[in-house]
Amino acid sequence: MCGIVGYVGQKQALEVVVAGLRRLEYRGYDSAGVAVIADGALEVRKKAGKLANLESLIGTDPLPQSTTGIGHTRWATHGGPTDSNAHPHVSEDSSIAVIHNGIIENFAELREELTAAGVTLSSETDTEVAAHLLAATMPAAGGNLTDAMRMVCQRLEGAFTLVAIDKAQPDLVVAARRNSPLVVGLGEGENFVASDVSAFVDHTRNALELGQDQIVTITPSGVDVITFEGGPAEVTPFTVDWDAAAAEKGGFDLFMLKEIAEQPKAVADSLRGRFDADNRLQLDEMRLSDVDLRGITKVVVVACGTAFHAGMVAKYAVEHWTRIPVEVELASEFRYRDPIVGPDSLVIAISQSGETMDTLMALRHAKAQGARTLAICNTVGSTIPRECDAVLYTYAGPEIAVASTKAFLTQIVAAYLVGLYLAQVREQMSAADISDVMEDLKGMPQKVDLVLDTVEPVRAIARTFANSTSVLFIGRHVGYPVALEGALKLKELAYMHAEGFAAGELKHGPIALIEDGVPVVVILPSPSDRLHDKMISAIQEVRARGAVIIAIAEEGDEKILNFSDHVIRVPVTPSLMQPLVSTVPLQVFACEMATAKGHDVDQPRNLAKSVTVE
Ligand code: G6P
């Protein structure tokens with residue numbers, strides 16, 4: 001949700017910043033803008049729409065050469081996606097330019113104060129107040145941008161990453177962080193700040209994680225971090241463990257297609273090295289004792305979007321293996337309903353980005369109630385894992401397409417590992433049983449590969465239904481969250497009405513939606529599963545009312561041929577593992593449908609990948 005990048009060094013800042021924005025565009029693409037310092041003046045270009053619009057503006061109205069610059073790609077919150085609301089925002093005297101990710105909650109008061117002081121604001125954004133406040137504070141800060149930033153941050157409420165440059169200090173970029181992401185890239189004779197490492201991984205893989213309420217000042221030769229109070233700050237250096245190629249399309253037309261294809265590797269990588277010398281499962285960071293884990297009486301998963309669906313899948317497995325009740329809660333609802341959690345609860349936050357504000361706030365609420373916390377996350381050094389007692393990383397590599405694919409599969413795998421870990425510590429499952437499940441999991445990359453090899457007919461089926469007004473998805477048990485995820489993918493990408501239902505619920509209402517020709521995607525369990533016949537009954541109910549059935553069914557399920565119009569095959573798989581294969585054709589289905597409709601698959605309208613506002 002908004003991508004920000006700042007650079008100081010020897011290279012052309014504009015090139016570095018625009019290349020960084022290209023990598024960050026997944027975070028928002030309502031407008032883009034850059035500012036550089038040249039010959040003692042600020043130069044700004046900004047434009048509504050995608051980064052390409054900004055690039056063509058710079059083509060017709062070039063920027064001067066400069067080695068210091070900042071850039072922003074926006075997901076609009078305060079003020080529509082217009083040129084004037086695009087960042088950077090500049091102080092009235094054109095001395096300071098600011099970019100921002102987050103929401104300044106007390107911006108209305110600050111706007112009034114500025115207006116009363118005679119400042120004319122030229123946008124509807126909350127960000128602009130920061131530019132004017134910084135300029136107004138500079139005299140009191142003795143002309144020191146870092147000090148001015150510190151003083152201004154103390155007046156701001158909400159969540160923000162702010163990055164500023166001052167025309168009078170051309171070799172310096174200052175950034176501040178509260179509850180929004182910010183990482184520092186450490187180069188040789190150059191340094192970077194950005195929303196995430198993908199913006200600078202072409203230049204350096206050495207990075208610093210910042211904590212909350214910290215300010216970083218970068219120059220070509222140094223990086224200095226202080227707290228909002230001006231004291232020394234603790235930072236954590238880390239090395240990015242993937243290279244720039246991982247953030248490229250690698251020969252695929254779309255990031256989404258590449259990420260779908262990467263799923264076997266993502267699952268395999270997320271399973272690697274999970275046993276220690278004593279053959280005990282291990283997590284990446286563990287600050288919970290076995291005693292703590294034995295005392296857990298309930299597990300609560302908090303997550304949003306696709307990650308929430310991964311949590312729903314995990315509930316079936318974790319309850320089955322551990323006999324601990326598992327609640328799965330939309331993170332945005334969690335803290336507002338006064339949830340019952342305490343020291344005997346384990347709250348698991350699932351988040352690909354590790355920055356989703358709804359999830360972060362749910363997690364903080366759980367911590368405040370004394371709950372034990374564990375993160376399942378794909379982004380090393382992001383806020384959610386930093387604030388949890390334990391962390392299990394998913395090793396999916398960077399996920400760029402806004403609609404999540406490989407992260408979903410790895411989140412399920414990671415949540416299953418947590419379930420097995422709990423079962424191990426609490427001696428709920430024997431070592432042999434755990435090892436059997438691990439063998440099943442280890443067999444999944446190959447099965448996902450098989451699905452990918454045979455997925456071509458799904459594209460033709462998707463095109464057949466491209467003009468449908470609505471698509472329904474039904475499933476039971478773990479097939480139910482898969483149905484929800486299939487519908488979410490279609491909404492996100494094809495902008496179509498799509499809904500997922502627990503198949504048993506159809507008759508209690510949703511069946512009224514069925515009329516002639518409505519496509520219904522059915523996620524079937526194995527023919528040996530006791531729910532298979534129940535699913536066939538559900539199919540008959542909707543077929544009798546005119547539905548067209550697209551069945552996701554196991555190889556060898558002959559019975560389904562009599563009850564469906566199209567069959568998409570997935571390999572024979574133990575029930576709890578089935579979401580790892582049955583989701584894949586649904587991803588391809590949505591991707592193809594969106595392509596057929598001419599939509600931008602990687603950057604669907606109105607969405608952003610990392611939603612850092614509540
Ligand atoms: C956004 C994205 C979704 C994603 C959700 C949670 O809404 O558009 O695709 O599932 O955030 O993201 P997270 O990074 O917390 O997994």
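This briefing describes selected strands and helices and the way they pair and pack. The model is a predicted one. Eight strands make up an open sheet with antiparallel pairing. Elsewhere in the chain, strand 23 (residues 519-523) is largely enclosed by the rest of the structure, because five of its five residues are buried, each with under 20% relative accessible area.

**The open antiparallel sheet**

- The strand order across this sheet is 3-2-4-1-10-9-11-14.
- Strand 3 (41-48) and strand 14 (236-239) form the edges, and each of them pairs on one side only.
- From one strand to the next, the twist averages 20°.
- Helix 2 (residues 51-60) packs on the sheet, where it touches strand 2 (31-38) and strand 3. The direction of helix 2 makes about 135° with that of strand 3.
- Within the sheet, four bridges link strand 9 (residues 183-186) to strand 10 (residues 191-194) in the antiparallel sense. Val 184 has Val 193 of strand 10 as its bridge partner.

**Strand 23 and its side chains**

- Pro 519, Val 521 and Ile 523 point one way from strand 23, whereas Val 520 and Val 522 point the other way.
- Residues on both sides of strand 23 are buried.

**Parallel partners of strand 23**

- Strand 21 (residues 470-475) pairs with strand 23 in the parallel sense over three bridges. The bridge partner of Leu 472 in strand 23 is Val 520.
- Strand 24 (residues 548-554) runs parallel to strand 23 and is joined to it by five bridges. Here Val 521 has Ile 550 of strand 24 as its bridge partner.
- A right-handed β-α-β crossover takes the chain from strand 23 through helix 18 (residues 532-543) to strand 24.

Conventions. Residues are numbered from 1 along each chain as its sequence is written. This is a predicted model: local features need pLDDT of at least 70, side-chain atom pairs count only at pLDDT 80 or more; totals for chains, interfaces and linings use all residues. Side-chain values use heavy atoms; hydrogens and water are left out. Two strands pair if DSSP finds at least two bridges between them. Helices (H or I, at least four residues) and strands (E, at least two) are DSSP runs, numbered from the N terminus. Axes are lines fitted to C-alpha atoms, for helices over the stretch in contact, and angles run from 0 to 180 degrees between N-to-C directions. Contact means heavy atoms within 4.5 Å. Buried means under 20% relative accessible area, exposed over 50%, partly exposed in between (1.4 Å probe, protein chains only). A crossover is right-handed if, with the strands pointing away from the viewer, the path from the first strand over the helix to the second runs clockwise.
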